2 protein chains.
Amino acid sequence: MKIERRSGCPINLTMEVLGDRWSLVVIRDMMFGNRRHFRELLTRSHEGIASNILAARLKRLVSLGLISKRDDPSHSQKAIYSLTEPAIQLVPVLAAIGAWGRRHLPVTEELSIRAQLLEQGGEPMWNAFMDELRVIHVEDPVGGANGQHASSVLARLTEAYDEVRRSRGR
Amino acid sequence: MKIERRSGCPINLTMEVLGDRWSLVVIRDMMFGNRRHFRELLTRSHEGIASNILAARLKRLVSLGLISKRDDPSHSQKAIYSLTEPAIQLVPVLAAIGAWGRRHLPVTEELSIRAQLLEQGGEPMWNAFMDELRVIHVEDPVGGANGQHASSVLARLTEAYDEVRRSRGR
DNA sequence: AAATGTGATTGCATATTGCAACTGGTTGTG
DNA sequence: CACAACCAGTTGCAATATGCAATCACATTT
């Protein structure tokens, strides 16, 4: 995948890589929702990404080295997508973006509770979260995709999210 | 300006507002380069943004409330663009993005020195910087556009940038 | 009067996005 | 074994966005 490189500015280059409508949303779903298969990303997306766009984004992110793709041993047709180290290091970026969006945009409570916890947790929580992501995406992507690892930060975020959803009647 | 609102997730909503190739680059130039006029943003852009795209982005960002536009008293045709409070609060986001880009993308030294200093400075520096931005963009946008205010953080960043440029022969 | 500076707009080609339908294959079930 | 459900995408097509070069109407400076 060619990246334009109109300048060597870190902000510009990051926008050339992630400055589109969907890339960060896909990474968000993989990171916070542990969506690891094409169908999961497609059908459980709150925003309703189109299948051709999802396919194009996944291909692009793989070629840029932000995510990896491997066969799922349980099903010859299934593929497991995993975050790579560069994408895992986007945790502080997503935390900052989430904190900003929560303050300045019309977010809903259930979908912003995780951003709030992540902001409150600060750097120690981000580091713990990144360590967990390394286990389930890099060290054991297959087991990680199947939920075979205890992840305390991810579990706390997910629990808080489910809690709000329940209390609002789902 | 309509924002789609495909979901109330803070990350999604932020991408609906800022998830394109140019918006954050324009905000970056206003923030770190104090570019406050159309021509400045157009001709002193490292990336060479096209004039119609710049015009469209400025209009959009004004309508979203991220930047404001007022007449320049020194020239009846000139307009001064200023960051508003929401855009000023993007400082931590840009710091995180700059830090990530500096680590994972092929940045040049001269264009990443500011990202490095901003990362090292941490939250105290970001807060001081945001205070300075409030002075030159919100409290006195006209004087701020003319460089009439002492800004220690911005001055330090700019100085470091000029220093690297000189030492590499510009 | 002429040159330059100002914030844009226009025309046109190409690229991206969004949506719906569809493809070729695998797995699980009665 | 037949058949439905599941799987990762692809295809066709319309609408929108981007990129580039030229141009515009007006203001200020020389």
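**Exercise 1. Find the turn and the shift along the axis that lay chain A on chain B.**

Solution. This is a predicted model: local features need pLDDT of at least 70, side-chain atom pairs count only at pLDDT 80 or more, and totals for chains, interfaces and linings use all residues. Residues are numbered from 1 along each chain as its sequence is written, while chains are lettered from A and ligands numbered from 1 in the order in which they are written.

- Step 1. Superpose the copies by least squares on the C-alpha atoms of residues with pLDDT of at least 70 in both.
- Step 2. Read off the operation: a turn of 180° and a shift of 0.0 Å along the axis, with an RMSD of 0.0 Å.
- Step 3. Name it. That is the relation of a two-fold axis.
- Step 4. Locate the axis. In chain A, the C-alpha of Asp20(A) is nearest, 2.3 Å from it.

**Exercise 2. Describe the side of chain A that touches chain B.**

Solution. Contact means that C-beta atoms, placed from the backbone, lie within 7 Å.

- Step 1. Count. 41 residues of chain A contact 41 residues of chain B.
- Step 2. Assign elements (DSSP runs numbered from the N terminus; helices are H or I, at least four residues, strands E, at least two). Two or more residues come from each of H1 (10–18), H2 (23–32), H6 (91–104) and H7 (109–139) of chain A.
- Step 3. Pick the top contributor: H6(A), with 11 residues.
- Step 4. Sort by class. Ala, Val, Leu, Ile, Met, Phe, Trp, Tyr, Cys and Pro count as nonpolar, Asp, Glu, Lys and Arg as charged, the others, Gly among them, as polar. The result is 21 nonpolar, 13 polar and 7 charged residues.
- Step 5. Compare the two sides. 100% of the interface residues of chain A are also interface residues in chain B, so the copies meet through the same surface.

**Exercise 3. Map the surface near DNA strand C.**

Solution. Near means a C-beta atom, placed from the backbone, within 6 Å of the strand.

- Step 1. List the nearest. Of 21 residues, these are Ser76(A), His37(B), Phe38(B), Arg39(B) and Asn52(B).
- Step 2. Assign elements. H4 (51–63) of chain A, with H3 (38–43) and H4 (51–63) of chain B, give two or more residues each.
- Step 3. Pick the top contributor: H4(B), with 4 residues.
- Step 4. Sort by class: 6 nonpolar, 11 polar and 4 charged.

**Exercise 4. State the secondary structure of chain A.**

Solution.

- Step 1. Count the elements: 9 helices and 2 strands.
- Step 2. Order them from the N terminus: α-α-α-α-β-β-α-α-α-α-α.

Key
Contact = placed C-beta atoms within 7 Å.
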